[in-house]
Amino acid sequence: MLPTRKNQGWLPSIFNDFFDNDWMEKANATAPAINVVEHENDYCIEVAVPGMTKDDFQIHIDDNDNLVITMEKKSENKEERKKEHYLRREFSYSKFQQTMILPDNVDKNKIAAHVEHGVLSVELPKLPVQSNDGVVKTIEVK
């Protein structure tokens, strides 16, 4: 059975209609959008994270060599206002974790990440490609 929202019998529906509308948005409980792009020399993971900073993220390789991206953001208004009486107040808290299986050709020692303009970019460089004759071909980075 899924949890559902139940209207309180003592609370008039006009009250709910007033507060449950488009101008009072609710927190989005869905996962952020993720793009994965393959280039000749690397893979790039882009995660939509508006309002987040680099301090909100933890990125690591787990024991199974998977990439784990964890995001956690809390927003609290610590300012005390004694004359206000809240009819409705929603705290902002976001937590997200995504585990990704990495391709075998990723150089796990050179993974880099940065946050810019609301996008977390994780760069996964590819390992150098070996030719059939055993000579390592270097890949030009542009």
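How much accessible surface does the protein chain have, and what share of that surface belongs to carbon and sulfur atoms? The accessible surface comes to about 11800 Å², and 50% of that belongs to carbon and sulfur atoms. Keep in mind as you look around that this is a predicted model. Let's start with the whole chain and then zoom in on one sheet, the core and a few residues.

**The whole chain**

- The protein chain has one helix and nine strands.
- If you read along the sequence, the helix comes before the strands, in the pattern α-β-β-β-β-β-β-β-β-β.
- The chain has 142 residues, and 20% of them count as buried.
- Take the contacts between residues at least 6 apart in sequence: 48% of these join residues at least 24 apart.

**A sheet of four strands**

- Here's a bit of background: strands of a sheet pair through backbone hydrogen bonds, either parallel or antiparallel.
- One open sheet in this model has four strands in the order E1-E2-E7-E6, and the pairing is antiparallel.
- E1 and E6 stand at the edges with a single partner strand each, so one side of each has no neighbour in the sheet.
- From one strand to the next, the twist averages 15 degrees.

**Who pairs with whom**

- Strand E2 covers residues 42-48 and strand E7 covers residues 119-125; these two pair in the antiparallel sense over seven bridges.
- To spot one of the residue pairs yourself, find valine 47, whose bridge partner in E7 is leucine 120.
- Strand E6 (residues 112-116) also pairs with E7 in the antiparallel sense, over five bridges.
- Two residue pairs to look for here are alanine 112 with glutamate 123 in E7, and histidine 114 with serine 121 in E7.
- E6 and E7 form a hairpin with two residues between the strands, and histidine 117 in this hairpin takes a positive phi near 55 degrees.

**The nonpolar core**

- The largest nonpolar core has 16 residues, and the ones that touch the most other members are Ile45, Phe57, Leu67, Ile69, Leu120, Val122 and Leu124.
- E2, strand E4 (66-75), strand E5 (92-101) and E7 each supply at least two residues of this core.
- Val122 is a good one to click on: leaving aside neighbours within four places in sequence, valine 122 is in contact with Tyr43, Cys44, Ile45, Ile59, Leu67, Ile69, Ile111, Ala112 and Ala113.

**Two residues to compare**

- Is serine 121 buried or exposed? Serine 121, found in strand E7, has a relative accessible area of 11%, and because the cut-off for buried is under 20%, this serine counts as buried.
- Beyond neighbours within four places in sequence, serine 121 is in contact with Cys44, Ile45, Glu46, Ala112, Ala113 and His114.
- Now look at asparagine 35, which is found in strand E1 (residues 34-38).
- Asparagine 35 has 43% relative accessibility, so this residue counts as partly exposed.
- Again leaving aside neighbours within four places in sequence, asparagine 35 is in contact with Cys44, Ile45 and Glu46.
- How far apart in space are asparagine 35 and valine 47? They are twelve residues apart in sequence, and their C-alpha atoms are 6.5 Å apart.

Notes. Residues numbered from 1 in each chain as written. Predicted model: local features only at pLDDT ≥ 70, side-chain atom pairs only at ≥ 80, totals over all residues. Heavy atoms only, no water. Pairing = 2+ DSSP bridges. Core = buried A, V, L, I, M, F, W, Y, C linked by side-chain atoms within 4.5 Å. Buried < 20%, exposed > 50% of the residue type's maximum accessible area, 1.4 Å probe, protein only. Contact = heavy atoms within 4.5 Å. Areas by Shrake-Rupley, 256 points an atom, 1.4 Å probe, with all protein chains shown as cover. Axes fitted to C-alpha atoms, helices over the stretch in contact; angles between N-to-C directions.
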